[in-house]
Amino acid sequence: MSYVIKGETGDWEVVIGLEVHCQVISNAKLFSGAATNFGAEPNTQVSLVDAAMPGMLPVINETCVRQAIKTGLGLKAQINNKSVFARKNYFYADLPQGYQISQADQPIVGAGTIILDLPDGSTREIGIERLHLEQDAGKSLHDQDPKRTFIDLNRTGVALMEIVSDPDMRSPEEAGAYLRKLRSIVRYLETCDGNMDQGSMRCDVNVSVRPVGSTELRTRAETKNVNSVRFAMQAIEYEAARQVEIYDNGGEVVQETRLFDSQKGETRSMRSKEHAHDYRYFPDPDLLPLMFSDELVAEIKATLPELPDERKDRYINVFGLSPYDAGVLVAEKDTAMYFEAVAEGRDAKMAANWVINNLFAVLSDKGVSITESPISAVNLGKLLGLISDDTISTKIAKDVFEIMIETGGDPEKIVEEKGLKQITDTGAIETAVDAAIAAGTAQVAQYKGGNEKILGWFVGQVMKSTQGKANPGQVNKLLKEKLDD
Amino acid sequence: MTKLTELNIASARDGLNKGEFSATELAEAYIQAVEAGRDLNAYITETPDVALERARESDDRRAKGAHIGAMDGIPIAVKDLFCTEGVLTTAGSHILDGFVPPYESTVSANLRSAGAVMLGKANMDEFAMGSSNITSYYGPVKNPWKAASGSDAGKDLVPGGSSGGSAAAVAGGLAMAATGTDTGGSIRQPASFCGIVGIKPTYGRCSRWGVVAFASSLDQAGPMTQTVQDAAIMLGAMSGYDPKDSTSANIAVPDFEAAITGDVKGLTIGIPKEYKMDGMDPQIQALWDKGIEWLKAAGCTIKDVSLPHTKYALAAYYIVAPAEASANLARYDGVRYGLRVPGDSLDDMYMNTRGEGFGDEVQRRILIGTYALSSGYYDAYYIKAQKVRTLIANDFKAAFEDVDAILTPTAPSAAFALGEKQEDPLAMYLNDVFTVPTSLAGLPGISVPAGLSADGLPLGLQLIGKAFDEATLLNVASSLEAAAAFNFKLAKGASS
């Protein structure tokens, strides 16, 4: 599925690299003991270190290091036993130290890969260049006062993992798939909650374009702090078109930082030239190089959960699901957990169909996530059980499902209370069949005349008289036997 | 009885233990001396109330028979680079106007829990950048010593720097001892200028937590005292591993005082030929030679050593230290504490605040450091300087395979008059030529007063030791001190 931009001067392709900032799940900040809860009152989670009081020193939080190693392992990446923290120098009111402690040329995690699951069921490998640990900055609140800016330092010093991809993506869809997959991996690993709307996962989008068939890397523009998958895709689409237009008009793309305006769906230049930053990175003399043993890496590796790719393989190989269905089910850990609870001891393919075809529609209708599903996995499982043991037909099951959406009830009770149990008593079905045949002399004639489709009319009559509870298989069988007599 | 302000830590400790006087009496005597000695401008902030309260607590401990610390009841000055809870802390800078820390630095907290009594916060070069205490926003400190002859006779002299207030306070009898910090010589050079003992311990021996940072990879706290024994007592009280400082060494602190045996027989002392510089003051060379003779007489073997990269040390230091400082001082931006000079925009506010808040020398070093780290210059300056630093450390490592300590002069001259060298930063930087290599290598160095110049001013000799071997260093220093029989009390006479 190639994404081609038709320019006046020819066809262009887009080259995309993403830098994703993932807030590390940890109780305390990267270099201080202050708490990291989201949404706390401003400036209530600030230590002396975070506020950069004179003489304060950073001390590395081991939990954050473990989380970074774990994430690196999840990205099948090189783990560097020695890495170095560096100061990235710039002035801003919400950066108390006047520098951000980050990692420059010696990151904790090196090259890795992410496998994208594309909508057509195919996969594509995207390279990860590196993952490094760094401090988050605080927040400047410009909307609290007409003249003044307020500063909230709660976020200052919170640990981030910056995950940098290779420029391997070629369409907005691939970039979207990358972000979703990365989010899925960190959520499986429980190293980042991946909530883009809360800012715990943020994305910088690097875009350049080049004529189709060319292998050059042209000047890129970086769009900062995009906070949803959809916006990232929109920003890429807009950027690619903007750059093609520039080249078409004989211009040159300038390397710059841009901002995505989600209202207008466009990017615009953020910094003028005189503010071009020279970050003057140098090793932070307050911190020794970060070193850990192979044993620590092995210990963390032993605790890795099953990740989406492995889980997908299992769904295909053990459950016999299609690659597409497997991919859909494993994308979110919560969905996979739900599915497995439904499928437990039952027909996995049937469970996959119900989750993907029926439940997803309900969730999207109601705009809720699977963890807020009105139908619990246990109850959906029971419903499938009722179908499998012929207690109800698939058709009745759909009615029960509708009731479950409204009431969240137990399907066994619903079937019991509403008397929806399938009639499997041959005698009762035979009576209904006989009645239908007796009532449809004209239809019997048609059937005998070779119109086999008319059988459906008889089935409908039987179902009507049994309020749909007659076992359809038995009804069909009996009707044929009697009509063919 | 001797005047209380003429005692040192060891003798005051004896007097206190015997009940000859109380800590309160000692504190009162020093509070009076501090008031009487204000002309020296050795203190930025005097804290007589804190001193009396802590002295009373010390007396209570002795009365109750509670545990007595190594510094119990000893009145000291604390360099104003150490953050002190509830007490104004300025780092000698306008930019920290009104800054009262809600926390206590580890070193001053260690001293306090050892029973020390804080008399006040000692004046210093702004952010510890300087070698003559003339860059302080709170004005220059005067050296209690005066030249008896020569062109500077009778003039006010600099105390050295950056720990100039600490050195002048101890030399002038305005504190029994003082804390200093040393980045490139800021303890040792003023100790030499004021005729006192000053030791910069091994990097990592004393915690940097709560000490206003100048150059993080070089800054070390240390004691400035009247005697080597006092230095040993006080260093023991200041030292120790601190998990709040990632560069603090998790190494046990030996009993430094017990390490001073006076017996240095069989030790080998290295004399680095590269420290014999062209145009060196013959008085300095003569004192150095005398030091060699004293140690030889005490039973040491003298051995020539080579530290071939010495000549690059000053240049490397003046890249590394300003580079780190340029980042360390970025936090003084007018946003959260200290001085704020308003402006029309955030950038204007930064420029106004930092332009007014920092003095010339600090601005110069921030600019040098920013330049050295800039894109395109980083490799040529910062990286090159780091390589030089490694070579210098390797020089020492090689030398210390053959020797137990190294003897050099502390500074290239005696104290000079206030106002001299002021317009020439490079001449000022040369003051650190003998002390900077030790700092770059992270090794301990001690300055011991060893004699007087022809004009009657104190001159120090520096001993450099192996990493974390302050014990040997103090022992050799004590031997040197005994041989030199330096008359410390001259300064107190001169100041009155």
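**Exercise 1.** In this predicted model, classify Phe231(A): buried or exposed?

*Solution.* Take the relative accessible area of Phe231(A), which is 17%. The cut-off for buried is under 20%. Phe231(A) is therefore buried. Now treat Phe260(A) likewise. Its relative accessibility is 13%, so Phe260(A) also counts as buried.

**Exercise 2.** Count the aromatic pairs over all chains, then classify the pair of Phe231(A) and Phe260(A).

*Solution.* The search of the whole structure gives 28 aromatic pairs. For Phe231(A) and Phe260(A), the ring centres are 5.6 Å apart and the planes meet at 45°. Pairing needs centres within 6.5 Å; stacked needs planes under 30 degrees apart, edge-to-face over 60. The angle fits neither class, so the pair is tilted. Next, place the partners. Phe231(A) lies in helix α3 (residues 229-248) of chain A, and Phe260(A) in strand β13 (residues 257-261). They are 29 residues apart, so this pair links distant parts of the chain.

**Exercise 3.** Describe the aromatic pair of Phe282(A) and Tyr382(B).

*Solution.* Start with geometry: 5.6 Å between centres and 70° between planes, an edge-to-face pair. Then locate the ends. Phe282(A) is in strand β15 (residues 282-283) of chain A, while Tyr382(B) is in helix α13 (residues 379-399) of chain B. The pair crosses between chains. Finally, check exposure: both residues are buried.

**Exercise 4.** Which residues do ring pairs link into a cluster in chain B, and which ring lies under the charged end of Lys88(A)?

*Solution.* The cluster joins Phe99(B), Phe127(B), Tyr332(B), Tyr337(B) and Phe358(B). For Lys88(A), the ring is that of Tyr279(A), with the charged end 4.4 Å from its centre. In chain B, the charged end of Lys276(B) sits over the ring of Trp288(B), 5.7 Å from its centre.

How values were computed: Residues numbered from 1 in each chain as written. Chains lettered and ligands numbered in written order. Predicted model: local features only at pLDDT ≥ 70, side-chain atom pairs only at ≥ 80, totals over all residues. Heavy atoms only, no water. Phe/Tyr/Trp six-rings, centres within 6.5 Å; stacked < 30°, edge-to-face > 60°. Helix = DSSP H or I, 4+ residues; strand = E, 2+ residues; numbered from the N terminus. Buried < 20%, exposed > 50% of the residue type's maximum accessible area, 1.4 Å probe, protein only. Lys NZ or Arg CZ within 6 Å of the ring centre and 35° of its normal.
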